[in-house]
Amino acid sequence: VNPWLFGHPKVTTLGLGFKRGFNNGYLKEKSIYERKYWWCFAGTPHGERGVMPECFEDLQVGKIHYCSGCNATDGLAVEQYASLLNDSVFALCPPGQDSMDSFRLYEALEAGCIPVALKRTERVPIHPSYWHAIFEGERELPFVLGDSWQECREQVDKARKTHKVETLQIDCQRLWVRTKEKWKSLAKELLDTL
């Protein structure tokens, strides 16, 4: 999404959502205490993604699954990825290859994870964050957002030390339910006007 189109009266923006088949009965509602991993990442380690897991590698227990590319044969099947997220408290959600937006963030929310993402990139300098533009109308987003992966890690540490993780997870779930309803109503309204 071109950041200059946010707020344009003739443009409506919805997030990417999750991949088809992502929630075909694979996901179970789990509290943070029922999850195996504190954090996870699955994907290619290109660009900043090589730095991202380094910021979290000493936070035990984490899980990484690297693959050679999008939809590569060495990647996780949809069911395996959904299961990994469903077993993780925090999900690292880097920007997509060509866009700030990424399926990862919505899949993390759908799986009951707390997304961990960058606020913006040099190519997409939106304030307070790209995600505030996507989740329009939400003043505060309950997931972890930072200007760098190190800042994100510090926020995760703070949430753990202050016992706010369970509250973050619940707030993320509420945000996601609200957002899906809002986007569903908005899509219906827009289709009805055609």
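Trainee: How should I read the surroundings of R123, and which residues does R123 touch, not counting residues up to four places away in sequence?

Mentor: Start from the contacts: with residues up to four places away in sequence left out, R123 touches Q97, D98 and S99. Bear in mind throughout that this is a predicted model. In this model R123 sits in the loop between β4 and α4, and the C-alpha atoms of R123 and S99, which are 24 residues apart along the chain, are separated by 8.9 Å.

Trainee: Is R123 buried or exposed?

Mentor: The relative accessible area decides this, and a residue counts as exposed when the value is over 50%. R123 has a relative accessible area of 61%, so R123 is exposed.

Trainee: Before going further, how is the confidence distributed, and which element of the protein has the lowest mean pLDDT?

Mentor: Look at the average and then at the elements. The protein averages a pLDDT of 90, with 98% of the residues scoring at least 70. Among the elements, the lowest mean pLDDT, 90, belongs to helix α4 (residues 130-134), whereas β3 has the highest, 98.

Trainee: How do I read the sheet, and what is the order of the strands?

Mentor: Follow the pairing from one edge to the other. The five strands form an open sheet in the order β2-β1-β3-β4-β5, with parallel pairing. The strands that pair on one side only are β2 (62-66) and β5 (144-146), and these are the edge strands. On average, neighbouring strands of this sheet are turned by 20° against each other, direction ignored.

Trainee: Where do the bridges of β4 lead?

Mentor: On one side, β4 (residues 114-118) pairs in the parallel sense with β3 (residues 88-92) over three bridges, in which F90 is partnered with I114 and A91 with P115. On the other side, three bridges join β4 to β5, again in parallel, and there V116 has V144 as its bridge partner.

Trainee: Which residues point one way from β4, and which the other way?

Mentor: Sort the side chains by the direction in which they point: I114, V116 and L118 point one way and P115 and A117 the other way, and all are buried. Since five of the five residues of β4 are buried, the strand is largely enclosed by the rest of the structure. The chain arrives at β4 from β3 by way of helix α3 (residues 103-110), and this β-α-β crossover is right-handed.

Trainee: Which residues of α3 are buried?

Mentor: For a helix, the general idea is that an α-helix has 3.6 residues a turn, so residues three or four places apart point the same way. In α3 the buried residues are R104, L105, Y106, E107, A108, L109 and E110. With seven of its eight residues buried, α3 is largely enclosed by the rest of the structure, and these buried residues pack against β1, α2 (78-86), β3, β4, α4 and α6. After α3 comes G112, whose phi is positive, near 80°.

Trainee: How do the later helices lie on the sheet, and at about what angle does α5 run to β5?

Mentor: Read the contacts together with the angle between directions. Helix α5 (residues 149-161) lies across β1 (37-43), β3, β4 and β5, and its angle to β5 is about 145°. Helix α6 (residues 165-193) also packs on the sheet, where it touches β1, β3 and β4, and its direction makes about 85° with that of β4.

Trainee: What does L175 touch, not counting residues up to four places away in sequence?

Mentor: L175, which lies in helix α6, touches F135, E138, L141, P142 and F143 when those close in sequence are left out. L175 has a relative accessible area of 0% and is buried.

Trainee: Which residues are joined to K30 by contacts?

Mentor: K30 lies in the segment before β1, and beyond four places in sequence K30 is in contact with R35, N86, D87 and Q169. One of these contacts is polar, with 2.5 Å between the side chains of K30 and D87.

Trainee: Finally, which backbone features deserve a second look, and where are the cis peptide bonds?

Mentor: Check omega and phi in turn. A cis peptide bond with omega of about 5° joins Q60 and V61, and V61 lies in the loop between α1 (52-56) and β2. Another cis peptide bond, with omega of about 5°, joins H127 and P128, with P128 placed in the loop between β4 and α4. For phi, consider H163, which is not a glycine although its phi is positive, about 60°; H163 is found in the loop between α5 and α6 and is exposed, with a relative accessible area of 69%.

Definitions and conventions. Residues numbered from 1 in each chain as written. Heavy atoms only, no water. Pairing = 2+ DSSP bridges. Helix = DSSP H or I, 4+ residues; strand = E, 2+ residues; numbered from the N terminus. Axes fitted to C-alpha atoms, helices over the stretch in contact; angles between N-to-C directions. Contact = heavy atoms within 4.5 Å. Polar contact = N/O pair within 3.5 Å; in protein donor to acceptor, adjacent residues only side chain to side chain. pLDDT = per-residue confidence, 0-100. Buried < 20%, exposed > 50% of the residue type's maximum accessible area, 1.4 Å probe, protein only. Right-handed = clockwise from strand over helix to strand, strands pointing away.
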